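Student: Could you walk me slowly through one part of this structure and what surrounds it? I would like to see how the pieces next to it fit in, one step at a time.

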Amino acid sequence: MGSGGIIGHGVLEYRDVIGSLRYANSRTDTKDMKTALYSRCLGANSTVVAMNKYPEEFRHILAMIALQPAAPRGFVEAALDRAGIADGRESFDEALHRRSGYRLDDFRPIEDTRAVTVPTLVAQVHDDFTMPASYVQEIYDNISAEDKKLFWIEGTDLRFQGYNYFGEHPELVLEWFDTHMS
């Protein structure tokens with residue numbers, strides 16, 4: 001029940017990213033290794049928030065893959081649209097605030113991605129019925145890294161298929177890390 005059972009979509013969980021990096025850097029068997037990040041969904045959000053808050057912790061990171069970063073507003077709007085609830089945005093935002101103290105716009109990885117300066121590959125199911133492609137496109141466009149790539153996973157509208165995609169098709173991941181870690 002970390003953070004009181006509240007999911008902060010990266011706003012709270014960035015601390016886990018920093019803790020992971022510090023732990024790896026404290027171990028004699030890992031501290032001198034080349035390091036890259038493979039951050040998925042909420043983990044991608046957490047990573048970009050951490051990069052924004054503590055950029056010095058990422059100086060040794062050579063590359064990153066952000067698989068299906070999540071814009072919470074996109075999830076909510078897609079769900080309300082699918083349910084045909086035209087006026088639910090304000091009600092959802094109020095309920096979220098009562099439960100967590102946060103507003104939906106407090107979870108905006110789009111702004112934090114300006115802090116991403118390492119070579120970054122963003123991958124996303126293009127037709128994901130739970131996340132409009134425009135949100136991920138905006139996240140990608142806002143990344144400051146000069147070396148970046150956006151890869152759309154095609155042939156499905158199921159977000160879960162995106163999480164499995166590189167397990168079945170590892171070539172792009174291997175190429176990205178080989179290119180940036182050698």
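Tutor: Gladly! Two strands count as paired here when DSSP finds at least two bridges between them. The model is predicted, so please read everything below as a description of that model. Let's take strand S2 as our part.

S2 covers residues 61–67, and six of its seven residues are buried, which leaves the strand mostly covered. What lies on either side of S2? One partner is strand S3, residues 120–125, which runs parallel to S2 and is joined to it by four bridges. Within that pairing, Ile65 has Leu121 of S3 as its bridge partner. Another partner is strand S1, residues 35–40, and here five bridges link the two strands, again in the parallel sense. One pair you can pick out on screen is Arg40 with its bridge partner Leu67 in S2. To get from S1 to S2, the chain passes through helix H2 (residues 42–53), making a right-handed β-α-β crossover.

Two loop residues beside these strands deserve a look. Cys41 sits in the loop between S1 and H2. Although Cys41 is not a glycine, its phi is positive, about 50°. With a relative accessible area of 18%, Cys41 counts as buried. Gln68 belongs to the loop between S2 and H3. Its phi is also positive, near 55°, in a residue other than glycine. Gln68 is buried too, with a relative accessible area of 0%.

Now for the packing. In soluble globular proteins, nonpolar side chains tend to be buried together. In this model, the largest nonpolar core has 29 residues, and Leu37, Met51, Phe58, Met64, Val116 and Val122 have the most contacts inside it. S2 is among the elements that give two or more residues to this core, alongside helix H1 (14–26), H2, helix H6 (133–142) and S4. Phe58 is a good place to centre your view: leaving aside neighbours within four places in sequence, its contacts include Val17, Ile18, Leu21, Leu37, Met51 and Val118. Apart from this core lies another, of 16 residues, and Leu121, Ile153, Phe166 and Phe177 are among its members.

Phe166 takes us to helix H7 (residues 159–168), where the buried residues are Arg159, Gly162, Tyr163 and Phe166. These four share one side of H7, because they cover an arc of only 100° around the axis. The face turned away from them carries the exposed residues Phe160, Gly167 and Glu168. The buried residues of H7 pack against S2, and also against S1, helix H3 (72–83), S3, strand S4 (148–153) and helix H8 (171–181).

Let's finish in H3, the helix that holds Glu77. Is Glu77 buried or exposed? Its relative accessible area is 18%, so Glu77 is buried, given that the cut-off is under 20%. Not counting residues up to four places away in sequence, Glu77 touches Arg89 and Tyr135. With Tyr135 there is a polar contact between the two side chains, at 2.6 Å.

Conventions
Residues are numbered from 1 along each chain as its sequence is written. This is a predicted model: local features need pLDDT of at least 70, side-chain atom pairs count only at pLDDT 80 or more; totals for chains, interfaces and linings use all residues. Side-chain values use heavy atoms; hydrogens and water are left out. Buried means under 20% relative accessible area, exposed over 50%, partly exposed in between (1.4 Å probe, protein chains only). A crossover is right-handed if, with the strands pointing away from the viewer, the path from the first strand over the helix to the second runs clockwise. The arc is that of the directions from the helix axis to the C-beta atoms. Contact means heavy atoms within 4.5 Å. A polar contact is a pair of N or O atoms within 3.5 Å; within protein, one must be able to donate a hydrogen and the other to accept it, and residues adjacent in sequence count only if both atoms are side-chain atoms. A nonpolar core is a set of buried Ala, Val, Leu, Ile, Met, Phe, Trp, Tyr and Cys residues joined through side-chain atoms within 4.5 Å.
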